[in-house]
Amino acid sequence: MTARLTIDGLIRRFGGVVATDNVSMDFAPGSLSAIIGPNGAGKTTFFNLITGKLKPDAGTIKLDGVDIGGRPEADIVRMGIGRAFQVASIFPRFTVEESLTAAVLSHRRQTGSMFQRFPLPAATARAKEIMDLAGLSHAAATPSRFLSHGDQKLLDIALALALEPKVLLLDEPTAGMGPDERWKMIERVQLLWRQVGMTLVFIEHDMDIVFKIAQSIRVLRYGSVLAEGTAEEIRTNQAVIDAYLGTSLEEALA
Amino acid sequence: MNFDALIDCFSASACVVTQISSGLIIGMLIFMVASGVTLIFGVLGVVNFAHGALYMLGAYFALTAYWVTDSFTVAVLAGAIGTGLFGVVFERLFISRVYGADVLSQLLVCYAFVLILDDAVKAIWGGDFLSMGMPEAFALPPLMIAGGFVPPFYAFLTAFAVASAIALAALLGLTRFGKIVRAAAVNRQMVGVLGINTSLVYALIFGLGAALAGAAGALAAPVRSATPGMGFDILIESFIVTVIGGMGSIAGAFVGAILIGMIRAFGTVGFPLATEGVTFAMMAVVLLVKPAGLFGKAGR
Amino acid sequence: MTARLELILGAVFAAVLIAIGLSLGDKAVIDVLMRLSIFSLLALSLNILVGYTGLVSFGHAMFFGFGAYVFGLLMQTNAISIPAAAAVTLLATCVWGAVSGALCIRLTEIYFSFLTLAFQMLLYSVIAGWVSLTGGDQGLMGGIPRPPFLGIDLAQPRQLFVLTVIVSVLSALAIRQIVQSPFGYALRMIRDNAERARFLGVPVQRYKLQAFVLSGIFGSLAGILMSLYVSGAYPNFAFWTLSGDAIIMIVLGGITVFLGPVLGAVLFQFLNDYINRITEHHGMVMGVVLLVIVLGLRKGVLDVLDEWRQSRKPRPEAAP
């Protein structure tokens, strides 16, 4: 099986610090993968490189075999890599329905039109589908800035979905949520992934969530890949145990 | 357009010296205003649209002090300190309310003060052109440099501006206050957590920027006439200078200001109608080639 | 509101204005209505940038002055009809708007504001300095000829009044169409969150430039109407205080509601006249009014109403 997204030898430096250090990994079509690692491991930088927000110093990023490394953000989005942000990035004064309709219009390259009226019915219909999918229909007419924290994050994801991405990158979808809300959110994400059938990659700190739902897990540390594999493989990986538990375990045994 | 005159001027050292000296005082006055704009922006993140009005205030404070005391030293002190104090009050009462607010609010608060100050100056000092005349201390025969005449006051003004540039650089680069200021520019909250009164730092920086503009106004009084609204042109010029030099960079403001001063001075000889155009063309080139400015950090 | 309904309302509004002006027949009334039409158009055109795109232009009078001078100079050649001169002027505005805009939109937030202001002052200094062409401080000399065309004689004040109202209302309808189109919503996306818009594939820079040029075209049209009205063009058409006035107008009326700028232009005119009547300290009073609006209300009249309306929209409980 050929990979959907292939990253090879990716390097990015900030001054003297190597934030992404020779990272290589691939993501199979339709897979659900998690990226974990301690703070400062370079997880968000990794996403910024894939989405074109940062330019790589070296290495290639291929989507279905086409190199996208270093292209402008807008191009990469159009080619099929969507993204939701760690802090929900939405349009505060748009209602949920307006936001999604506008996103759909953008996906269909219809935002340049000055002679039609917003919203175009076809786009609204699609926006409603996405709202259903994301579980936001109850808030259709609510201005986004009045949404609950969780719904704002869902809307952010729904905006990315409007572009029908082949690959969706979620940066900590459960950040800032209470335990109950977290599980609701992650169930919703899992549902979306199943229904849409896209390749989903998410950064997450909650290990319960990661080990429960991810098909494969990549561990980043100091900007490079420490380990990758299934939940079971990661659980028993000596390097990971050392990295995460290392000192404290030795201390406990001492 | 008269390029022959320009070529003639360049072939005569007297003319070059005269134009350079007048270019220098134009540039130095712009620098003193621009350095305040760029300092306030660098630390507070606000572009003070009312900075030209502070320059005007400095000129009028200086005029009054000069008429009362007959001392130019007192006049400059009055311009700098009076405007600086005004700046501190202005920052505490008004500017501090729009930190982090949208651009429109920041702009409008400053604009309101441009209207108020221009009008207040008119009410207090009248709407006519006022002139200080050359203070007695500088009523000396001009200096002869390479065949060109340079009025002593020009030399003084240039020296004063260079000295304040050095003092400013030293203050920010070498002192504890400078360290705090630079840290606050990066992360205000962190500096606040460390137990430093950042509100005070902000007020002082604004006051310092205002004092620089006030001093510039005072220094301009002997060579230019004062009038309500006199601050506007220099505001635009100092903005252009900060764009060319890089927002937040004092060194950039210095280089940019000298550049503009020279264009203005030699422009009056060779292309009097096109000096503004050349200035803008220069800004346009900088924006296209190096959007952050000559000395600016990329990423802005 | 549908486009058809807007068209009807616009037509009714124009008809009412014209009827009032012509039936009262008072020159002063006609003058006031013409000024209000022209400044409403100026404010509406500015709000394409400020209210819908989130770009605070402080140099909008540049287009007003540009339109007035280019049109006036063309008419003074006596070689061109009024509609043709207007068309050429708007075309020239497009070019100037694209060139200056391409530079201005490279900067964001307040730098954008200053750069627009600087460009306006460049135009002003050209107008004030190029005396042989523009007449300098005295304005375009000798007035602007207004030869009849298609049976319309704009030298007749009443005909000029009717035309001014019709052009202003049609322009307002056009601006309304633009801001309610998919393009208009793309501008709102840029205003609300340019970064997110970019990640949704919106060509942010290109749209900003288009908005800049469009805003300029309608501002220039207001300038053309003004030059016809006063039969001349003066440097203060391109002076920064007029840009400031335009900003005050839209802030007074409100930037989030389409007709806010129109209400603002009307309020501003009356406020201006009132202040001039009660005091000679115009700047101080206007400055204080501005401070009260910005620091006190924090929004314009219609913004307040809109905020109240939005806050009444349903807010859901937590997701089921």
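The exercises below work through a predicted model, from its chain contacts down to single strand and helix pairs.

Residues are numbered from 1 along each chain as its sequence is written, and chains are lettered from A and ligands numbered from 1 in the order in which they are written. In this predicted model, local features need pLDDT of at least 70 and side-chain atom pairs count only at pLDDT 80 or more, while totals for chains, interfaces and linings use all residues.

**Exercise 1. Find which of the pairs of chains that touch has the most contacts, and describe its chain C side.**

Step 1. Two residues are in contact if their C-beta atoms, placed from the backbone, lie within 7 Å. Two pairs of chains touch, and the most contacts are between chains A and C. Chains A and B are not joined by any contact; their closest C-alpha atoms lie 11 Å apart.

Step 2. Count the residues: 28 of chain C are in contact with 38 of chain A.

Step 3. Assign the chain C side to elements. Helices (H or I, at least four residues) and strands (E, at least two) are DSSP runs, numbered from the N terminus. On this side, α7 (157-180) and α8 (182-199) of chain C give two or more residues. The most come from α8(C), with twelve residues.

Step 4. Sort by class. Ala, Val, Leu, Ile, Met, Phe, Trp, Tyr, Cys and Pro count as nonpolar, Asp, Glu, Lys and Arg as charged, and the others, Gly among them, as polar. The side of chain C that touches chain A has 16 nonpolar, six polar and six charged residues.

**Exercise 2. Describe the contact of chain B with chain C from the side of chain B.**

Step 1. Chain B brings 28 residues to this contact and chain C brings 29 residues.

Step 2. In chain B, α5 (103-125), α10 and α12 each supply at least two residues. The most come from α5(B), with 16 residues.

Step 3. By class, this side of chain B has 22 nonpolar, two polar and four charged residues.

**Exercise 3. Give the geometry and the residues of the packing of α10(B) against α12(B).**

Step 1. Axes are lines fitted to C-alpha atoms, for helices over the stretch in contact, and angles run from 0 to 180 degrees between N-to-C directions. The axes of α10 (residues 231-245) and α12 (residues 275-289) of chain B come within 9 Å and cross at roughly 35°.

Step 2. The crossing is left-handed, the term for a near helix turned anticlockwise from the far one by less than a right angle.

Step 3. From α10(B), the contact uses Ile240(B), Val243(B) and Ile244(B); from α12(B), it uses Thr279(B), Met282(B), Met283(B), Val286(B) and Leu287(B). Seven of these residues are nonpolar, one is polar and none is charged.

**Exercise 4. Lay out the domains of chain A and its open sheets of four and six strands.**

Step 1. Domain bounds come from an automatic or database domain assignment. For chain A it gives domain 1 (5-88 + 165-253) and domain 2 (91-146), with C-alpha centres 28 Å apart.

Step 2. Two strands pair if DSSP finds at least two bridges between them. The four-strand open sheet has the order β2-β1-β4-β5 and antiparallel pairing. Its edge strands are β2 (17-27) and β5 (66-67) of chain A. Strand β1 (residues 5-14) of chain A pairs with β2(A) over seven bridges, and Phe14(A) stands opposite Val17(A).

Step 3. The six-strand open sheet has the order β6-β7-β8-β3-β9-β10, with mixed pairing. At its edges, β6 (81-84) and β10 (224-229) of chain A each have a single partner strand, so one side of each lacks a neighbour in the sheet. The twist averages 20° from one strand to the next. Strands β3 (residues 32-36) and β8 (residues 199-203) of chain A are parallel, with four bridges; Leu32(A) has Leu200(A) as its bridge partner.

Step 4. Place the helices. Helix α1 (residues 43-50) of chain A lies across β1, β2 and β4 (58-63), at about 65° to β2(A). Helix α1(A) also lies across β3, β6, β7 (167-171), β8 and β9 (216-221), at about 150° to β7(A). Helix α5 (residues 149-161) of chain A lies across β6 and β7, at about 170° to β6(A).

**Exercise 5. State the make-up and dimensions of chain C.**

Step 1. Chain C has 13 helices and zero strands.

Step 2. Its C-alpha trace spans about 70 × 45 × 45 Å along the principal axes.
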